[in-house]
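Colleague: I have a few "how do you know" questions about this one. Mind walking me through the reasoning, with the cut-offs where they matter?

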2 protein chains.
Amino acid sequence: MATLNDVAKVAKVSISTVSRVVSGSDLISKATVERVKRAMDEVNYHPNAVAKSLANNMRTKILGLVLPRDTYGVYHNQFFMDAMSGITKCAQERGYYIMNAYQGKENNHTSIRDMIKSGWIDGAILTTVEDDDQNVKYLEQKDVPYALIGTTANGKHAISVDNDNIKAMDDVCQMLIDKGLRRLALICGDRKFIYNKHRYTGYENALDRNGISVDDDLIVVCEDDFMHGYNAMKKLSNMHIDAVVTTDDILAFGAIQYMNERNSNIPITGFNNTMIAETFCPHLTSVDIMAEKLGYEACRMLIDRLENGQFDDKRMKQVETMIVHRKSTESIGSL
Amino acid sequence: MATLNDVAKVAKVSISTVSRVVSGSDLISKATVERVKRAMDEVNYHPNAVAKSLANNMRTKILGLVLPRDTYGVYHNQFFMDAMSGITKCAQERGYYIMNAYQGKENNHTSIRDMIKSGWIDGAILTTVEDDDQNVKYLEQKDVPYALIGTTANGKHAISVDNDNIKAMDDVCQMLIDKGLRRLALICGDRKFIYNKHRYTGYENALDRNGISVDDDLIVVCEDDFMHGYNAMKKLSNMHIDAVVTTDDILAFGAIQYMNERNSNIPITGFNNTMIAETFCPHLTSVDIMAEKLGYEACRMLIDRLENGQFDDKRMKQVETMIVHRKSTESIGSL
DNA sequence: GTGAAAGCGCTAACAA
DNA sequence: TTGTTAGCGCTTTCAC
């Protein structure tokens, strides 16, 4: 690998001159810039990032990315892959690299702490946060800048990016109400997750605004999986309802399964716009939570903070969601 | 951040002594080792990886991980997340870090070339390889060690890890034949993918060995998606068959959908053991391709090569698959 | 056993 | 406009 020195020799200038050309300084004559550039081509020079970092007060332009130790469910895999894509897209634009770490204290997976101790990273992005999160605690303590996706930050230096889940569910309900459907059932996942709590609120808001009373018999709260969706639908099946909204595609799939078995067919919606929602019948109307955008924005805000050097303010950004309309809300039926 | 110097001052030794203690040299008296260790604790010393790399002839112990530009389908997300998990697990054990890159030449995603040029990585792991792959070409040309997952390597220095797809499908068929099912239909994905070609061969092998003639009318080759699985099953529906084997869960799901609509019910198997295979009805018997293990082994072999410095031999390792038995092959029916 | 000193490739004063 | 020089934190000869 060619170094500054090699270029300097060929161009017959000092290494600082070459360094200046590389960093695009404008206090250099056109002539030498030309000469140096030709020399760089000749020896095939590429700046060495390791040496640069050492000289630059240890700024590596590498960010640590925290992923979940276990993936749980289809949606989650897709979410993390999409978020990663957005993150690296932004990182690439800003000249940063992403290094992978995993949540949790087990020592059989790379952790963000190791990266910080060894000085590899300038900051961290968390895609997954536990209650009383150890990583957050550590990052705060070490004053390492970080950004969170999908969770309200509790750390005092946190940057976070999330959907407006209240509005998202409100929009879904309004869309159905606009079709003339008024008796909306809700299948809601575990409310220990903030997003489920917010989606629940969104449902209430939409009904209230439209003068529809919230009927507790039309609401089932359960765990976030297929069978619970199925059972929830079973419970709802003897109610008079016009449509079903759910807080997760997987719940919707369970509910659809039950309806299919009964040859019944009510408009239904999901959340997360998983790939199965595109392929399985009936094609499910679902809310796209824009995972890629969430990742992109988290990364962008973190880099902004790193480069502006303001570590004191807490910031929170909301990313718009989008309803993807499919067949499951086209036909209008009633149980 | 504390440096060697800080420790040296506290312990009242030279920095080379501290360096020796850190690297576990044994030519040092017990007494000083003790003293230095206490000093390290006192100032909370952690070796700086950037400086270490610079001094160590640019070995960073970072590996580049190439991911697909677009994820396509549920299975794929799960595959990559699992492979990543295995990779980082191994990397952690060996003291390496993983940096993310993306396939393809578009400049809106970090590429492996940038990482190599800037000197960040010691080697690369490719989870996805295109025909006439640009990354492989570049890695070969630059003599950067690399490992491939799930594809036969064509590069002369390549290390690769893959399933034995011939045997995997052979096992599936044998399992069904052992249940007394002899007229096995095959729904096979696009044979431009080597794994599909191999699974096809495995099907033929099993039938041959059991003295069952391969009937072309029982074989449908199609693209790897839900609708093609559905249509394939439609074609097969007027045949006399005992069971259906497929090369991908998604094909099986399509086929099941068709059967459900007809209230028919034949034993069926998938491939990839996706999470949907666990949740959707009927619970699908599927081949687990051990994505995490594939990732782990690729990483292990790459690091072995990096540390042994042998760059000349081509190596290929096969990872065992496993049939996950579920309800879809319990009931024995016939169309 | 331990220390002094050179050097890894680069940046950033300070001089000229 | 350009060159000289002193580090960044660590490893590694080479002396003692």
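Modeller: Sure, and keep in mind that this is a predicted model. Let's start with Gln78(A), which is found in helix H5 (residues 74-94) of chain A.

Colleague: Okay, why is Gln78(A) called buried?

Modeller: Buried means under 20% relative accessible area. Gln78(A) comes out at 9% relative accessibility, so it counts as buried.

Colleague: And what is Gln78(A) in contact with, leaving aside its neighbours within four places in sequence?

Modeller: Contact means heavy atoms within 4.5 Å. By that test Gln78(A) touches Asn273(A), Thr274(A) and Met275(A), plus Asn77(B) from the other chain letter.

Colleague: On to the sheet. What makes strands S7 and S12 of chain A edge strands?

Modeller: The strand order is S7-S6-S8-S9-S10-S12 in chain A, an open sheet of 6 strands with mixed pairing. Strand S7 (219-221) and strand S12 (322-324) each have a single partner strand, so one side of each is left without a neighbour in the sheet. Neighbouring strands here are turned by 15° against each other on average, direction ignored.

Colleague: How do you know that S6(A) and S7(A) pair?

Modeller: Two strands pair if DSSP finds at least two bridges between them. Strand S6 (residues 184-188) of chain A is joined to S7(A) by 3 bridges, so the pair passes the test. These two strands run parallel, and Cys188(A) stands opposite Val221(A) in S7(A).

Colleague: Which helix packs on that sheet?

Modeller: That's H11 (residues 249-261) of chain A, touching S6, strand S8 (243-246), strand S9 (268-271) and strand S10 (285-288) of chain A. The direction of H11(A) makes about 150° with that of S9(A).

Colleague: Now the DNA. Which residues come nearest to DNA strand D?

Modeller: Of the 24 residues around DNA strand D, the nearest are Ser16(A), Thr17(A), Arg20(A), Leu4(B) and Tyr45(B). Sugar and phosphate make up 61% of the atoms of DNA strand D that come within 4 Å of the protein.

Colleague: What makes the approach of Arg20(A) to DNA strand D a polar contact?

Modeller: The cut-off for a pair of N or O atoms is within 3.5 Å. A polar side-chain atom of Arg20(A) lies 2.2 Å from a base oxygen of DNA strand D, so the pair qualifies. Ser19(B) has a polar side-chain atom 2.7 Å from a phosphate oxygen of DNA strand D, while Asn48(B) uses a backbone N or O atom, at 3.0 Å from a phosphate oxygen.

Colleague: Which element gives the largest share of the surface near DNA strand D?

Modeller: H2(B), with 4 residues. The surface near DNA strand D divides into 11 nonpolar, 10 polar and 3 charged residues.

Colleague: And DNA strand C, which residues are closest there?

Modeller: Leu4(A), Ser19(A), Tyr45(A), Thr17(B) and Arg20(B), out of 24 that surround DNA strand C. Of the strand C atoms within 4 Å of the protein, 66% belong to sugar or phosphate and the rest to bases. H4(A) gives the most to the surface near DNA strand C, with 4 residues.

Colleague: How do you know that Ala51(A) makes a polar contact with DNA strand C?

Modeller: Same kind of check, with the limit at within 3.5 Å. A polar backbone atom of Ala51(A) is 3.4 Å from a base nitrogen of DNA strand C, so the pair is counted. For Tyr45(A), a polar side-chain atom lies 2.6 Å from a phosphate oxygen of DNA strand C.

Notes: Residues numbered from 1 in each chain as written. Chains lettered and ligands numbered in written order. Predicted model: local features only at pLDDT ≥ 70, side-chain atom pairs only at ≥ 80, totals over all residues. Heavy atoms only, no water. Axes fitted to C-alpha atoms, helices over the stretch in contact; angles between N-to-C directions. Near = heavy atom within 4 Å. Polar contact = N/O pair within 3.5 Å; in protein donor to acceptor, adjacent residues only side chain to side chain. Nonpolar A, V, L, I, M, F, W, Y, C, P; charged D, E, K, R; others polar. Buried < 20%, exposed > 50% of the residue type's maximum accessible area, 1.4 Å probe, protein only.
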